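Colleague: Before accepting the labels attached to this model, I should like to hear the reasoning behind them. Please take them one at a time.

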Amino acid sequence: MKDFIAVLRRFVPPYKKYLALNIFFNILAAILTLFSFALIIPILEMLFKIREGVYEFIPVGTASFKDVAINNFYYYTQESITTYGPGTTLAALAALLVVMTGLKTGATYLSSYFIIPLRAGIVRDIRNYMYRKITALPISFFTVERKGDVMARMSGDVAELENSVMASLDMLFKDPVMIIVFLSMMLMISWQLTIFVFILLPLAGLVMGRVGRRLKRTSLENQNQWGVLMSNIEETLGGLRIIKAFNAEGKVRDRFFRDNERFYRLSTSVARRQTLAHPMSEFLGTTAIAIILWFGGSLILGGHTNMTAPKFIYYMVIFYSIINPAKDLSKAMYAIQKGLASMTRIDAILSAENPIKDPATPRSLPSKADISLRDVSFSYDGTTEVLRHINLDIPAGSTVALVGQSGSGKSTLADLIPRFYDPTAGSVTIGDTDLRSLRVHDLRSLMGNVNQEAILFNDTIFNNIAFGVDSATQAEVERAARIANAHDFIMASEDGYNTVIGDRGCRLSGGQRQRLSIARAILKNPPVLILDEATSALDSESEALVQEALERLMADRTTLVIAHRLSTIRNADMICVLSEGRIIEQGTHEQLMRPEAKGHYRRLVEMQSAK
């Protein structure tokens, strides 16, 4: 329960108005329920002719409100019997019972009416918080977490939270009010009997509470397994071409079936425990009624109470009316325990720390875009260094290329410049200003990226080129596309710049996708450009077009190029050769290819030339 209260404190404050109205109408509905039940007593007394005294009207203020209200009610009932007869009076009391019930159900509806915006609003806010957090977290977070599991938390866990915790809010705010109001009336009718009830109810709550705690543990395992299933599906869809190429359908099916079987067993266990709530609460409630009937009947038969038989029936009606709210409350508590397991998984994202933070007093952006790395080392896990004591200067307006075998640290070094990661030792500066002294947003506004895999979105060509540049005009987008050698194939597509390119640009060729990503970088017009093997996955014709577009893009910019095909970097101002996280050679192409130079770069060029 403590965890649930913590959830409410975090998410309910913006909806306090709706909560207050809900509680008000819940209290009103409980009071109207009591009054409608109270009409049963005079109806029973009239039918069985138990109460036949003569009543006089008592002015308000001459006695307690309770005594005045009861006496005057019987006075008007007596007057009605005298004037209109018992049959008409009985019909009037029955009609009043209907009216009171109508008012009660109206108040109950209004209480639910006002809780709905609170429930839906909290779920909306949690989705927004999660999406905001996911877009704010560093790339390092997603190298540890599986994408499928993150998707499961945003979809399945939030849906579970909505269907369990949020759906139970109405019962949680209504049922305790009903129980408290009913118990208060029971105390007024017979305090001896109600004290006995106070002993029975906590015992029943203790039994159901133990089952609920076990339900939360099993639900957490169940939601974690759902994340495994989602990751499995995401990997299968992403790698379907390889799965089919290696005839591995059976292997991935077997893995999915195993994971799905475990999810089935956990889901069955959770559902069985949750289903136990209703029969258990009904059994405990019926047992309590039987005990109260015995105890209350013994008090009346033994003359140990002044409670009359109609009052005892009224008492039992009220107590029986507590059973349904108690059952609903127990079901709500079960659902909340189940939903809190999902909240635990959601909190793993919401509470995740982002190590890439803005400084308390950020500095302004430098005027020159020259970049320096000073004694930079980096490790992903804190133990194995991927970069070791890197010293590198990239003068403003120059082009520096990074080459080396896979795993040598090229992409990691490039990721330090836009602060996708921070170095574990040393510093990276731009214009003599440490990157950690700048706002992350300001720093990245200086950067443009073109990656080996063109990252495009399921949107129009125009919106993909204008991505991140809100004020882009049609003319500016077309100019960027012409520079990127993309305008001709765009105009040849079915809707020109309004053509939707499909998921990740699947309706375009690799070269076309890459030229759109170059056009996007051209439109942004960044002072610093990072090219991560932008032509390595292209055929010769596409490579020529893309390389021409890249050369236009690189003009007069500070550019860091990660190159696989060494022929594309011959004109770089400096080439750095990385091996095992260190720079082992650097110089221009001519310097590194001199006859006396028999270093790593020369061997790489000769190997590629021999192919």
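Modeller: Let us begin with Arg124, whose relative accessible area is 48%. The model is a predicted one.

Colleague: Why is Arg124 called partly exposed?

Modeller: The exposed class begins over 50% and the buried class lies under 20%. At 48%, Arg124 falls between the two limits, and therefore counts as partly exposed. Arg124 is placed in helix 5, residues 86-136. Its C-alpha atom is separated by 9.4 Å from that of Val158, 34 residues apart from Arg124 along the chain.

Colleague: What makes Arg388 partly exposed?

Modeller: Its relative accessible area is 30%, which is neither under 20% nor over 50%, so the intermediate label applies. Arg388 lies in strand 2, residues 385-394.

Colleague: Which residues are in contact with Arg388, leaving aside its neighbours within four places in sequence?

Modeller: They are Val376, Ser377, Glu580, Gly581 and Arg582. Arg388 and Glu580 are 192 residues apart along the chain, and their C-alpha atoms are separated by 8.3 Å.

Colleague: Why is Arg419 called buried?

Modeller: Its relative accessibility is 2%, and the cut-off is under 20%; Arg419 therefore counts as buried. Arg419 belongs to the loop between helix 14 (410-416) and strand 4 (425-430).

Colleague: What is notable about the phi of Arg419?

Modeller: Arg419 is not a glycine, yet its phi is positive, at about 60°. Most residues other than glycine have a negative phi.

Colleague: Why is Asn525 called exposed?

Modeller: The exposed class requires a value over 50%, and Asn525 has 51% relative accessibility, so the label follows. Asn525 is also a residue other than glycine with a positive phi, near 55°. It is found in the loop between helix 19 (510-524) and strand 7 (528-532).

Colleague: What makes helix 19, which Asn525 follows, mostly covered?

Modeller: Of its 15 residues, 12 are buried. Among them are Gly511, Arg515, Leu516, Ile518, Arg520 and Leu523. From first C-alpha to last, helix 19 reaches 22 Å, close to the 21 Å expected.

Colleague: How do you know that the span of helix 2 agrees with expectation?

Modeller: The expected span is 1.5 Å times one less than the number of residues. For the 23 residues of helix 2 this should give 33 Å, and the end C-alpha atoms are 33 Å apart; the span therefore agrees. The buried residues of helix 2 include Leu19, Phe25, Ala29, Leu32 and Phe37.

Colleague: How do the axes of helix 2 and helix 8 cross?

Modeller: The axes of helix 2 (residues 16-38) and helix 8 (residues 169-189) come within 9 Å and cross at roughly 35°. The crossing is right-handed. In the contact, residues of helix 2 including Asn22, Asn26, Ile27 and Leu34 meet residues of helix 8, among them Phe173, Lys174, Val177 and Met185. The residues of this contact divide into 11 nonpolar, 3 polar and 2 charged.

Colleague: What can be said of the protein as a whole, in secondary structure and burial?

Modeller: The secondary structure comes to 22 helices and 10 strands. Of the 611 residues, 46% count as buried. The accessible surface comes to about 31,700 Å², and 58% of it belongs to carbon and sulfur atoms. Among contacts between residues at least 6 apart in sequence, 76% join residues at least 24 apart.

Definitions and conventions
Residues are numbered from 1 along each chain as its sequence is written. This is a predicted model: local features need pLDDT of at least 70, side-chain atom pairs count only at pLDDT 80 or more; totals for chains, interfaces and linings use all residues. Side-chain values use heavy atoms; hydrogens and water are left out. Helices (H or I, at least four residues) and strands (E, at least two) are DSSP runs, numbered from the N terminus. Buried means under 20% relative accessible area, exposed over 50%, partly exposed in between (1.4 Å probe, protein chains only). Axes are lines fitted to C-alpha atoms, for helices over the stretch in contact, and angles run from 0 to 180 degrees between N-to-C directions. A crossing is left-handed if the near helix is turned anticlockwise from the far one by less than a right angle, and right-handed if clockwise. Contact means heavy atoms within 4.5 Å. Ala, Val, Leu, Ile, Met, Phe, Trp, Tyr, Cys and Pro count as nonpolar, Asp, Glu, Lys and Arg as charged, and the others, Gly among them, as polar. Accessible areas come from the Shrake-Rupley method with a 1.4 Å probe; for residues, only the protein chains shown count as cover.
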